[in-house]
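Subject: Handover of a structure and the findings from it

Dear colleague,

Please find below the structure that I am handing over to you. My notes on what was found in it follow directly after.

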Amino acid sequence: MNFTLSSKALSSSKADCLVVAVPEKGDWPASTSEADAALGGQLKALQNNGDLSGKTGTTLLIPLQDAPWARVLLVGTGKDDKRTVADFRKALSAAVSVLKDGAARHVIFALTDTPISGADAVNTETGKLKLIARTLEEQLYTFTGFKSEQPPKRKLNKVTVAASSSDKALKDAFNLGLATGRGMNLTRDLGNTPPNICNPVWLAERAQQLAQEHDVIRTEVLDEKQMKKLGMNSLLSVAAGSAQPPRLIVMEYRGGKPKDKPYVLVGKGITFDTGGISLKPGEGMDEMKYDMGGAAAVFGIMQALAETRPKINVVTVIAAAENMPSGTATRPGDIVTSMSGQTIEILNTDAEGRLVLCDALTYVKKFDPEVVVDMATLTGACIIALGYHASGLMANDDALADELLAAGERTGDRAWRLPLWDEYQSQLDSNFADMQNIGGRPAGTITAACFLSRFTKEYRWAHLDIAGTAWTSGKAKGASGRPVPLLMDYLMTHAGK
Ligand code: BES
Ligand code: MN
Ligand code: ZN
């Protein structure tokens with residue numbers, strides 16, 4: 001897809017379709033009035049006839065004659081005083097779904113003059129360009145590589161987004177949005193790839209490939225022997241039952257000054273989670289191919305950084321393993337010594353995410369991090385607590401937590417904080433080791449984070465439980481690309497100019 005930003009007047013911008021917004025409540029944006037004027041008041045007439053409710057996500061496609069555009073698509077954008085980031089994206093997504101497999105080859109979106117309420121940072125032209133560009137990339141995503149018959153090629157091949165000027169700040173915002181959307185789509189590709197292909201070694205190869213494609217990315221891969229030497233017995237215990245060897249994947253993007261401390265991201269990369277000897281029930285188990293969603297988000301973020309080159313240092317670590325039952329698998333009751341020296345009684349082999357993450361979180365100390373954020377499809381309990389809308393956020397630093405929450409609000413990739421109070425820690429008491437790897441049913445998301453917190457004492461740290469947000473189940477099953485937008489936004493706010 002060819003994406004461009006244009007500041008030409010709409011009336012002199014020829015296209016197969018022009019997309020403008022119709023609010024349910026509020027004045028028409030300038031673009032809509034401009035289109036109406038060019039069409040001799042036809043749009044106002046439609047509204048007067050009651051054809052345009054303006055409700056968020058409703059659409060009306062009108063073929064035109066003797067106009068600069070062969071069609072106009074009116075998209076309902078709801079009420080001016082109530083429009084959230086999610087509403088704005090919903091309206092745009094509705095427009096894209098009408099057009100993506102239609103006849104128009106070139107479409108102009110004129111939506112930056114639609115206000116978003118209650119979010120000052122987003123209700124700017126740059127803020128909206130970021131959202132528009134990212135949403136366009138997201139909505140045009142397909143994953144058809146494993147179908148024997150490919151769908152017919154799309155006619156739509158050029159998308160223009162209307163802007164007020166050709167300012168560099170606007171272009172940068174637009175390009176950041178596109179890069180974020182493409183990063184999400186890489187994350188989705190990796191997540192959607194079946195687990196017989198996407199195993200730890202394959203993921204490591206993708207990381208090496210990313211470094212080859214972008215000279216600003218460096219990749220290093222640790223194999224079992226190297227991990228053994230470092231004492232990563234907790235991570236290795238998860239891979240013990242699998243024929244697929246584990247990998248620790250390190251990717252570095254250094255766009256900042258050499259002495260700038262790096263922002264460190266850690267991703268859970270369980271390429272398939274059967275539960276191990278504590279075997280999961282069969283129904284829906286295929287979705288445990290998405291248990292590498294945190295790792296996949298790391299890839300998406302790295303690619304987006306490489307494409308936009310912000311002045312910041314980012315180091316990422318992926319703990320990649322497959323959790324399988326077999327004669328060599330870890331048993332409930334086994335005790336392992338983690339890289340930190342702390343011993344862990346593994347009472348449930350299905351609580352494996354924390355077991356791979358704890359060694360990765362110990363490993364990252366060597367980078368002297370500014371902050372560490374881990375992303376993990378860690379607990380089913382997080383879906384019970386927050387459903388599919390918010391990622392769970394837990395942190396040992398209030399300022400860091402607040403910044404991540406704010407980035408989630410700005411991007412519509414929201415998180416919600418849960419407490420990490422000491423009172424929960426005793427649920428991890430073990431009779432035989434320093435801790436056990438499960439804390440029982442109450443507050444399962446929090447006790448999982450409590451477990452991790454025992455390995456993150458030496459730096460500012462936040463944990464995102466993305467069990468409910470990394471993918472969608474049901475008819476529209478597929479990886480979502482979250483939390484790439486949240487983290488990209490957060491990192492960009494810390495990039496030097
Ligand atoms: N990968 C799962 C968590 C998960 C489950 C994510 C369902 C998304 C949907 C994780 O490894 C796991 O199995 N967690 C257990 C922990 C329990 C044994 C303490 C869980 O949530 O049941
Ligand atoms: Mn599990
Ligand atoms: Zn898991």
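Is Asp172 buried, partly exposed or exposed? Asp172 counts as partly exposed, because its relative accessibility is 38%. Please note from the outset that this is a predicted model.

**Salt bridges**

Asp172 takes part in a salt bridge with Lys168, in which the closest N and O atoms are 2.7 Å apart. The two residues, Lys168 and Asp172, both belong to helix α5 (residues 168-192); because they are 4 residues apart there, about one helical turn separates them. Lys168 itself is exposed, since its relative accessible area is 59%.

Helix α5 also contributes Arg182 to a salt bridge. The partner of Arg182 is Glu307, and the N to O distance between the side chains is 3.0 Å. This pair links distant parts of the chain, as Arg182 sits in helix α5 and Glu307 in helix α9 (residues 293-308), 125 residues apart. Arg182 is partly exposed, with a relative accessible area of 31%, and Glu307 is likewise described as partly exposed, at 33%.

Elsewhere, Arg89, Arg134 and Glu138 are joined in a network of salt bridges. The count of salt bridges comes to 26.

**The two metal ions**

The model holds a manganese ion (ligand 2) and a zinc ion (ligand 3). The distance between these two ions is 3.2 Å, and Asp273 bridges them.

The manganese ion (ligand 2) is coordinated at 2.0 to 2.2 Å by Asp273 (OD), by Asp350 through both O and OD, and by Glu352 (OE). Along the chain, the donors of this manganese ion follow the spacing D-x76-D-x1-E. Why is the arrangement around the manganese ion (ligand 2) irregular? The reason lies in the angles that its 6 donor atoms subtend, which run from 71 to 167 degrees. For six donors to count as octahedral, opposite donors must be over 155 degrees apart and all others between 65 and 115.

For the zinc ion (ligand 3), the protein donors are Lys268 (NZ), Asp273 (OD), Asp291 (OD) and Glu352 (OE), at 2.0 to 2.4 Å from the ion. Around the zinc ion (ligand 3), the 6 donor atoms subtend angles of 79 to 174 degrees, and the arrangement is therefore octahedral. The donor residues of the zinc ion (ligand 3) are spaced K-x4-D-x17-D-x60-E in sequence. Asp273 and Glu352 connect distant parts of the chain: Asp273 is in strand β9 (residues 263-273), whereas Glu352 is in the loop between β12 (343-345) and α10 (353-363), 79 residues apart.

Both Asp273 and Glu352 are buried. The relative accessibility is 3% for Asp273 and 1% for Glu352. Asp350, by contrast, counts as partly exposed, because its relative accessibility is 21% and the buried class lies under 20%. Asp273 also meets Lys280 in a salt bridge, with an N to O distance of 3.9 Å between the side chains. Lys280 counts as partly exposed at 23% relative accessibility.

**Glu322**

Glu322 is located in strand β10 (residues 313-323). Which side chain of opposite charge is nearest to Glu322? That side chain is Arg247, at 12 Å; Glu322 is buried yet has no salt bridge. The side chain of Glu322 does have a polar contact of 2.7 Å with the side chain of Ser242. Leaving aside residues up to four places away in sequence, Glu322 touches Pro200, Val238, Ala239, Ser242, Gln244, Thr271 and Phe272.

**Gln226**

Finally, Gln226 lies in helix α7 (residues 224-230). Gln226 is partly exposed, as its relative accessible area is 35%. A polar atom of the Gln226 side chain lies 2.9 Å from the backbone nitrogen of Asp223. The C-alpha atoms of Gln226 and Leu248 are separated by 9.2 Å, and these two residues are 22 apart along the chain.

With kind regards

Key:
Residues are numbered from 1 along each chain as its sequence is written. Chains are lettered from A and ligands numbered from 1 in the order in which they are written. This is a predicted model: local features need pLDDT of at least 70, side-chain atom pairs count only at pLDDT 80 or more; totals for chains, interfaces and linings use all residues. Side-chain values use heavy atoms; hydrogens and water are left out. Donors are N, O and S atoms within 2.8 Å of the metal (3.2 Å for Na, K and Ca); water is not among the atoms, so sites may look incomplete. Four donors count as tetrahedral if all angles lie between 85 and 135 degrees; four count as square planar and six as octahedral if opposite donors are over 155 degrees apart and all others between 65 and 115; anything else is irregular. Buried means under 20% relative accessible area, exposed over 50%, partly exposed in between (1.4 Å probe, protein chains only). Lys and Arg count as positive and Asp and Glu as negative; His and the chain ends are not counted. A salt bridge is a side-chain nitrogen of Lys or Arg within 4 Å of a carboxyl oxygen of Asp or Glu. A polar contact is a pair of N or O atoms within 3.5 Å; within protein, one must be able to donate a hydrogen and the other to accept it, and residues adjacent in sequence count only if both atoms are side-chain atoms. Contact means heavy atoms within 4.5 Å.
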